[in-house]
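Here are my notes for your first read of this structure. Keep the 3D view open and follow the points in order.

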Amino acid sequence: MSDSLTERPRHGRHWWRGDTPGLRLARHTLALVALALVLLPFADLAIHTRDPWGELQRMALGLAWPAWGSLESPLSAIGLTVAVAIWGTLAGVVLGVPLALLFARSRLVRAGCAFLRAIHELFWALLFLQVFGLSAFTALAALAIPYAGIFAKVFAEILEQTPRAPRDALPPGTGRLARFVYAELPLAWAQLAAYTRYRFECALRASVLLGFVGLPTLGFHLETAFREGRYHEAGALLWLFYLLIASLPGWSHRRLIPVLLIGGAWLLGPWPSVDGALVWRFVSEDIWPRELLAGDWAGLTSWLMRIPDLAPAIGNTLLLGLLGTVGALLVAMALWPLACRHFGNRGTRLAGHGLLIVLRSTPELMLAFLFLLLLGPSLLPAWLALALHNGALIAFLMARHADALTPGMPGLSAPGRLAYELVPRLYPGMLALLYYRAEVILRETAILGMLGVATLGFYIEEGFDYLMFDVAFFLLLVTATLNIAVDALSRRFRPRDGAVMDDPCAR
Amino acid sequence: MESEQRRPPIGPALVRFAAEDLGHGRDRQGRPAQLVLPGLTLTLHEGERVALLGQSGAGKSTLLAELRERLGARAAWCPQHHGLVPQLAVYHNVFMGRLPEHSAPAALWNLVRPLARPWREVGELCALLGLAGLERRPVGRLSGGQRQRVAIGRALYQGRDIFLGDEPVASVDPHQALRLLGLIDARHATSVVALHQRELALSHFDRVWGLRNGRLVIDAPARELTLADLDALYPDADEPAGASAEPAVEMPGVEALPCARGRP
């Protein structure tokens with residue numbers, strides 16, 4: 001590792017002082033894990049239920065013997081889930097493309113998009129719920145608005161990386177639009193389409209989750225069945241969800257998209273009757289503290305003091321974000337060899353793949369919800385959910401990259417291959433990816449509060465429940481700020497060398 | 001030489017460099033941030049056909065870029081590594097030579113259904129270039145030589161008086177190269193073409209500019225030069241293979257590759 005040194009390095013505590021990329025990454029990782037361990041005592045990881053194992057058994061039984069007959073109108077729930085996902089994605093593209101074209105030039109647009117991205121789909125849904133009720137508009141806006149911010153950023157990055165040569169070859173005087181459609185768009189098209197497809201997959205999961213705030217998608221039926229302990233029915237719904245995700249490549253063919261769009265338009269509904277005055281009152285008065293509108297600064301301070309448990313909520317959110325990130329790292333390191341062609345046999349690889357697919361296609365909120373039923377409301381179920389879902393996602397990407405590698409030295413034992421051939425090549429990219437995921441993990445952390453974990457989301461939902469819109473909106477702003485700050489921080493600490501897994505579809 | 005006889009007399013100067021510093025970028029005083037050709041003195045006359053020779057990295061592309069900037073809309077441009085859009089059809093790539101002449105809606109509609117007049121004109125040009133019948137094929141599915149001809153077709157379609165080409169005949173066989181240079185000559189009175197084929201430079205051009213390490217070491221009529229004179233531009237040519245570190249420079253730059261960061 002230290003062949004570049006002129007002086008022969010001494011044996012001993014070299015790992016502590018050495019300056020090779022490998023040692024630097026190892027110290028980086030150890031520091032991260034140590035930080036998580038030091039902060040672990042501050043986290044509430046208690047198990048509050050009496051019989052978690054029995055409950056788990058009943059759930060597993062439900063999953064093993066799903067009660068298909070007891071489902072009420074599963075097709076309409078699935079139809080609505082898909083319709084919301086596809087129209088939400090389309091609306092996100094329509095809003096996001098013009099922003100992407102302005103993205104590089106306007107600091108305002110960049111900041112605005114960062115804000116839109118920083119608030120989770122479900123929080124947007126909670127916000128729109130107050131004015132548009134349980135309507136299709138709420139569902140579409142909840143997806144379209146954050147996705148517009150995401151599309152703007154990713155599309156801008158993709159367009160920026162298209163080769164410049166065709167643009168430079170154009171004769172002088174070519175108009176902006178003509179240049180875009182002839183020499184930029186065709187070059188970026190395949191990547192833009194791939195990213196949009198990936199975002200649609202995310203939209204599908206988010207659309208399921210919108211059921212958790214009451215919109216009648218698949219998630220609504222799932223939550224109800226689980227909460228009421230009807231595990232056989234919940235098992236059937238869960239299988240339905242996995243079937244929907246697994247069959248996605250079959251029914252999301254390019255030619256079928258117009259059919260899905262037109263069919264989806266019929267299923268969308270109900271449409272709200274919008275009262276303009278009401279919307280305006282909500283935007284201009286309800287979400288702002290009365291003291292602020294009146295210009296009463298002393299009153300504003302006392303309003304701020306009355307906000308319940310702001311500091312613990314922020315602390316819990318950050319702590320859970322850190323624990324989730326470190327947990328995802330450990331889970332990914334443990335799971336990726338299971339699904340990679342360099343280890344095990346056909347059977348273990350198939351099982352590994354299956355495990356990773358189930359874990360990464362189940363949304364964190366749903367996993368957290370299941371663990372919450374098992375373990376009761378502490379940080380533990382949320383931590384498990386974040387670590388497992390994100391860890392599986394990273395492990396899947398690592399396994400895919402490892403499959404593309406050919407070991408240079410044949411005939412090594414499995415641990416030798418792991419330690420000398422694969423991990424040194426994969427780890428830098430994996431750590432970089434983890435830092436990208438940190439922002440996503442924090443976004444999810446906040447939303448897990450809606451399940452009863454004491455993060456910011458808990459107080460935001462409480463604010464909406466008690467019609468304290470000003471408090472809820474303020475907490476939303478705090479969440480967004482926190483997210484933007486963590487994003488900037490992770491950008492700062494992200495290891496630079498070796499972003500081999502830098503795929504926009506992974507963020 | 002027969003091309004010599006029908007040549008019009010050399011006309012007035014089109015571009016004149018008088019001890020100028022050329023390079024990339026601009027610093028605060030407006031000088032090149034990265035100097036490539038210091039103190040260049042050179043004149044391009046109307047009606048002249050110039051071969052530009054020199055090793056990779058000698059400054060050929062920098063000189064051509066500067067000429068292109070100064071000549072503006074009077075010069076047709078055929079860039080190194082073609083600069084084509086692989087996803088678009090041959091027709092659309094050639095059409096791009098006259099993109100500024102069409103309104104934005106017309107240019108958009110042309111992607112859906114080719115406009116009648118350009119379709120006819122491009123078809124005729126493709127027939128001349130040996131690309132007949134390939135108008136609708138995406139450039140990405142053509143061979144290297146065919147792409148080269150599409151790039152030349154796009155430059156010819158611009159219909160300008162002056163032709164500037166950065167190795168426009170680098171990836172075709174010598175026979176093809178002669179034919180393509182003939183086509184370029186027939187449509188442009190003046191041309192500056194960067195080349196690697198020394199024989200072609202002497203047989204086909206009026207004048208040779210030779211660059212070496214950022215200096216113009218040859219600026220003479222082609223008929224006064226011999227192959228031995230041109231050999232001086234390539235100091236590594238007679239060293240044994242393997243001793244030269246040059247080939248690495250021949251690789252297309254990262255920007256020229258279809259996938260700039262190697263992403264899937």
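1. How many of the 6 residues of strand β3 (residues 49-54) of chain B are buried? The count is 6 of 6, so to speak a full house, and the strand is mostly covered. Bear in mind that this is a predicted model.

2. Now look at the two faces of β3(B). On one side sit Arg49(B), Ala51(B) and Leu53(B). On the other sit Val50(B), Leu52(B) and Gly54(B). Every one of these residues is buried, and both faces are covered.

3. Next, the neighbours of this strand. β3(B) pairs with strand β6 (residues 190-194) of chain B. The sense is parallel, and there are 4 bridges. Leu52(B) has Ala194(B) of β6(B) as its bridge partner. β3(B) is also joined to strand β7 (residues 207-212) of chain B, by 5 bridges. These two strands run parallel as well. Here Leu53(B) stands opposite Gly210(B).

4. Turn to chain A. What does it have in helices and strands? It has 23 helices and 0 strands. Its radius of gyration is 24 Å, and the globule rule gives 23 Å for 507 residues. The two values are close, so chain A is as compact as a globular protein of that length. The C-alpha atoms fill a box of roughly 75 × 75 × 55 Å along the principal axes.

5. How is chain A packed inside? Buried residues are 43% of its 507 residues. Take the contacts in chain A with a separation of 6 or more: 76% of them join residues 24 or more positions apart.

6. The domain assignment splits chain A into domain 1 (54-267) and domain 2 (291-506). Their centres, taken over C-alpha atoms, are 19 Å apart. In the contact between them, 25 residues of domain 1 of chain A meet 22 residues of domain 2 of chain A. Several helices supply at least two residues each to the domain 1 side, among them α3 (52-64), α5 (107-118) and α7 (136-160) of chain A. α9(A) has the largest share of that side, with 6 residues. By class, the domain 1 side holds 20 nonpolar, 2 polar and 3 charged residues.

7. Which residues touch the most other members of the largest nonpolar core? They are Ala332(A), Ala368(A), Ile394(A), Ala395(A) and Met398(A), in a core of 145 residues. Helix α20 (residues 379-404) of chain A gives the most to this core, 18 residues. Domain 1 and domain 2 of chain A each provide at least three residues. Look closer at Ala395(A): leaving out residues up to four places away in sequence, its contacts are Val331(A), Ala332(A), Leu335(A), Trp336(A), Ala339(A) and Leu356(A). Another core, of 67 residues, lies apart from the 145-residue one. Its members include Ala51(B), Ile152(B), Val193(B) and Leu230(B). In soluble globular proteins, nonpolar side chains tend to be buried together.

8. Last, the two chains together. 23 residues of chain A are in contact with 28 residues of chain B. On the chain A side, α8 (165-169) and α9 (176-209) are the elements that give two or more residues. α9(A) gives the most, with 8 residues. The chain A side divides into 15 nonpolar, 4 polar and 4 charged residues.

Notes
Residues numbered from 1 in each chain as written. Chains lettered and ligands numbered in written order. Predicted model: local features only at pLDDT ≥ 70, side-chain atom pairs only at ≥ 80, totals over all residues. Contact = placed C-beta atoms within 7 Å. Nonpolar A, V, L, I, M, F, W, Y, C, P; charged D, E, K, R; others polar. Domains from an automatic or database assignment. Buried ≥ 20, exposed ≤ 12 C-beta atoms within 10 Å, placed from the backbone. Pairing = 2+ DSSP bridges. Rg over C-alpha atoms; globule rule 2.2 N^0.38 Å. Core = buried A, V, L, I, M, F, W, Y, C linked by C-beta atoms within 7 Å.
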